[in-house]
Amino acid sequence: MTKELLSGNDAVAEGVRLARAEVVAAYPITPQTTIVERLAEMVARHELAAEYIPVESEHSAMAASIGASLTGARAFTATSSQGLALMHEMLHWASGQRVPVVMANVNRALAPPWNIWVDHSDSMAQRDTGWIQLYAETNEEALASVLQAYRVAEDPEVLLPAMVMLDAFVLSHTYMPVDVPSQAAVDSFLPRYQPVARVEPGSMQLFGSFSPPDLTFMEFRRDTALAMDRARQKLLQAGKDYARLVGGEPLGLIDEYRTEDAEIVLLALGSLAAAARDTVDEFRRNGQKVGLARLRSFRPFPEEEIRSLGRKAHSVVVVERAHSFGSGGPVATEVRSALLGLPSPPAVASYIAGLGGREVTPKHLGALVERATKKETPREAWVGVKELVA
Amino acid sequence: MAKLTIPSEELMVGGHVACPGCGAALAMRLLLKGLGPKAVMVIPACCWAVIPGAMPGTCLKVSTVFSSFESTAAMASGIKAGLRRTGRGDVPVVGFAGDGGTADIGIQALSGAAERNEDFLYVCYDNEAYMNTGIQRSGSTPEYSWTTTTPRGLEKRTSKKDMPMILDAHRIPYVATANPSFPEDFVAKAKKAASLKGTRYLHILADCPTGWKHDPSQMVEVGRLATMSHLFPLYEIEEGRLRITWAPSNPVPVEKYLRAQGRFKDLTAEQIEEIQAEVKARWEGLKAREAREKKAVEKEAAPPEVSAAPTPHPAAPVSETVYVKPSPPLHFP
Ligand SMILES: Cc1ncc(C[n+]2csc(CCOP(=O)(O)OP(=O)(O)O)c2C)c(N)n1
Ligand code: SF4
Ligand SMILES: [Mg+2]
């Protein structure tokens with residue numbers, strides 16, 4: 001283990017190098033680009049023995065990654081925002097063909113208007129594609145999540161693609177100290193990919209084909225659903241094994257901070273959680289029972305963990321960088337649904353904040369908690385929106 | 001000193017946020033002089049999605065629609081159809097995209113539109129890389145050129161896509177190349193393109209000092225060297241007939257163009273020789289095609305010689321104009 005000063009994108013590239021990815025197919029997009037550039041350098045310098053395919057679009061990046069993975073090679077790609085949106089068809093393809101492709105997605109707003117800053121709408125919109133989704137809070141976690149994502153994705157009882165999210169600029173371009181594990185430690189945690197099935201020339205195989213209503217279609221979908229459910233335990237196990245073999249704290253589906261006796265729980269994703277920790281500390285100094293639950297895994301959704309939080313708290317304050325038009329905050333919606341049926345479920349406040357990189361500070365979050373202390377828990381409110389004047 | 005004869009009206013005004021010496025900025029300024037104020041621009045993701053300035057500011061005095069990166073030609077097709085349906089069919093629609101948006105991610109939409117002969121002008125400003133995201137290779141990056149995704153050890157070993165010829169293979173009414181270092185030729189082509197119907201394609205070499213690695217003050221000069229060396233010839237193809245619109249009688253060695261730019265600084269003497277040979281072969285191919293097609297036109301004008309009259313294939317419809325099949329592309333490694 002060595003301590004290095006790395007940007008989030010560098011940390012992802014290090015993770016890919018340590019994972020010994022064999023095929024990298026990628027397309028540049030701000031703010032993901034430096035991942036692709038680092039990987040090109042690594043391949044050029046023989047630090048990573050991979051084929052590098054500089055494809056002509058993200059749709060092709062995903063298609064090429066799927067193709068590579070079907071042969072049993074460990075495949076990686078990375079994108080952001082528009083690129084992820086363009087991949088949408090192939091995201092379904094990846095989970096449908098059950099390939100353990102791992103992808104980093106640097107969370108960025110979707111256009112128009114063009115905006116390259118942090119926003120979670122891009123990946124939230126892909127929640128139904130059958131991909132595991134992990135949101136990182138720090139650069140070190142981004143690196144660890146790449147490795148853990150491969151481990152779980154390639155598990156024969158899962159075999160699903162996985163994406164690791166990191167916030168645009170706040171993580172992708174911000175340098176932080178990162179513990180970079182040794183290759184030997186990573187090799188023990190993540191051995192070579194052993195495909196259950198792969199393209200075997202000369203054998204009668206079908207990867208995909210077609211299936212009418214009365215044959216296997218629904219069964220395939222149900223199998224995917226079950227695999228995603230199994231991924232919950234597998235993620236927890238991977239977090240523990242990683243901590244044991246590689247180092248660091250075990251990462252779970254949800255990351256709790258000072259929630260033991262919390263009456264108000266702030267719930268956030270990604271780098272917002274770092275600000276939320278300061279907010280929690282501030283309230284704790286005043287003796288107020290406030291805690292933080294950081295959602296690391298959005299898919300699979302940690303329903304049980306949310307319910308156990310809900311048994312203790314009187315309010316859950318969800319702050320998220322995405323919005324589902326005509327419904328509300330996608331995370332808040334799922335949190336509410338997870339809490340249904342509890343004897344006395346907490347009130348869930350839903351705040352939409354920080355879209356397109358709009359700043360969210362511990363002070364902003366403090367004001368939201370303050371409202372919860374007064375039992376103000378709006379069904380949906382937008383934070384920091386200016387009135388547009390003509 | 002000779003005076004430029006291009007229109008003095010400016011449809012691109014101050015306040016753009018391009019880098020100093022941006023060839024793409026000059027290209028837009030010249031293009032609009034040829035198109036006039038009624039043009040509707042369609043701009044995908046590229047440097048030009050940013051150059052007009054942050055909302056609500058803009059340096060363009062024309063209606064501008066931003067499209068996603070891969071969909072310029074499809075968006076332009078729809079805009080044109082809509083304008084026709086709303087009684088404004090005479091409005092010129094212009095797609096303005098970078099080389100990545102044209103040769104790579106947008107080629108499907110462009111090829112589809114060209115095959116349908118959609119009525120718009122498509123302009124590709126070719127700075128030979130993805131500049132907006134920080135200089136990554138595109139399908140239009142020349143062989144051996146440095147970019148951040150073609151570092152030493154992972155060099156680009158294939159030549160750039162010949163987009164004008166790819167469009168020509170779609171048999172569209174007008175294909176031309178232009179270079180902002182030759183403003184009169186540039187504006188004349190923009191005007192001609194605007195006056196025609198159907199899909200028209202203008203391919204512009206747009207110097208990018210930031211990505212090509214040279215002093216911004218050298219933009220016009222580097223661009224000039226591209227054409228003076230025959231590396232970027234100026235031609236137009238109207239109804240399938242190619243005409244070289246301007247060329248130096250004594251080309252400068254291509255080395256002069258290459259050595260003026262940091263992106264080629266690692267090139268060996270052999271690689272430069274290889275490029276020179278390729279430039280020469282391409283140039284000779286163009287000249288030969290021009291001569292062939294000129295002859296065909298003269299023949300068409302002259303009364304047909306009985307013996308030389310081609311027998312049309314019985315099934316083939318006899319078209320009114322003689323369409324000369326473009327010569328097969330020259331082979332390059
Ligand atoms: C689907 C999608 N993928 C990637 C991007 C990121 N992106 C924006 S501009 C650009 C490069 C544009 O290159 P080019 O078309 O050559 O124009 P230039 O920037 O050189 O002017 C890229 C990769 C995007 N906006 N949308
Ligand atoms: S990067 Fe190049 S193309 Fe883009 S604005 Fe700057 S000079 Fe122009
Ligand atoms: Mg370009």
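**Exercise 1. Contacts along chain A**

Among contacts in chain A between residues at least 6 apart in sequence, what percentage join residues at least 24 apart? Work it out together with the make-up of the chain.

*Solution.* Keep in mind throughout that this is a predicted model.

- Step 1: Begin with the secondary structure. Chain A holds twelve helices and 15 strands.
- Step 2: Turn to overall size. Its radius of gyration is 21 Å, close to the 21 Å from the globule rule for 390 residues, so chain A is as compact as a globular protein of that length.
- Step 3: Now take the contacts. Of those in chain A between residues at least 6 apart in sequence, 82% join residues at least 24 apart.
- Step 4: Add the burial. With buried meaning under 20% relative accessible area, 58% of the 390 residues in chain A are buried.

**Exercise 2. A portrait of chain B**

Describe chain B by its elements, its dimensions and its surface.

*Solution.*

- Step 1: Count the elements: chain B has ten helices and eight strands.
- Step 2: Check the radius of gyration. A compact globule of 333 residues would have one near 20 Å, and the 20 Å of chain B agrees with that.
- Step 3: Lay the C-alpha trace of chain B along its principal axes, and the span is about 60 × 55 × 45 Å.
- Step 4: Look at the surface. About 15,500 Å² of chain B is accessible, and carbon and sulfur atoms account for 59% of this area.
- Step 5: Finish with the charges. Chain B carries 39 positive and 36 negative charges, and their mean positions lie 3 Å apart.

**Exercise 3. The magnesium site**

Which residues coordinate the magnesium ion (ligand 3), and are Asp99(B) and Ala129(B) buried or exposed?

*Solution.*

- Step 1: Find the donors. Asp99(B) contributes OD, Asn127(B) contributes OD1 and Ala129(B) contributes O, at 1.9 to 2.1 Å from the ion.
- Step 2: Place two of these donors in the fold. Asp99(B) sits in helix H3 (residues 99–104) of chain B, while Ala129(B) is in the loop between strand E4 (121–126) and helix H5 (163–168) of chain B, so the pair ties together parts that are 30 residues apart in sequence.
- Step 3: Write the spacing of the donor residues in sequence: D-x27-N-x1-A.
- Step 4: Judge the burial against the cut-off of under 20%. Asp99(B) is buried because its relative accessibility is 1%. Ala129(B), at 4% relative accessible area, is buried too.

Methods. Residues are numbered from 1 along each chain as its sequence is written. Chains are lettered from A and ligands numbered from 1 in the order in which they are written. This is a predicted model: local features need pLDDT of at least 70, side-chain atom pairs count only at pLDDT 80 or more; totals for chains, interfaces and linings use all residues. Side-chain values use heavy atoms; hydrogens and water are left out. Donors are N, O and S atoms within 2.8 Å of the metal (3.2 Å for Na, K and Ca); water is not among the atoms, so sites may look incomplete. Helices (H or I, at least four residues) and strands (E, at least two) are DSSP runs, numbered from the N terminus. Buried means under 20% relative accessible area, exposed over 50%, partly exposed in between (1.4 Å probe, protein chains only). The radius of gyration is taken over C-alpha atoms; the globule rule is 2.2 Å times the number of residues to the power 0.38. Contact means heavy atoms within 4.5 Å. Accessible areas come from the Shrake-Rupley method with a 1.4 Å probe; for residues, only the protein chains shown count as cover. Lys and Arg count as positive and Asp and Glu as negative; His and the chain ends are not counted. The place of a charge is taken as NZ of Lys, CZ of Arg, CG of Asp or CD of Glu.
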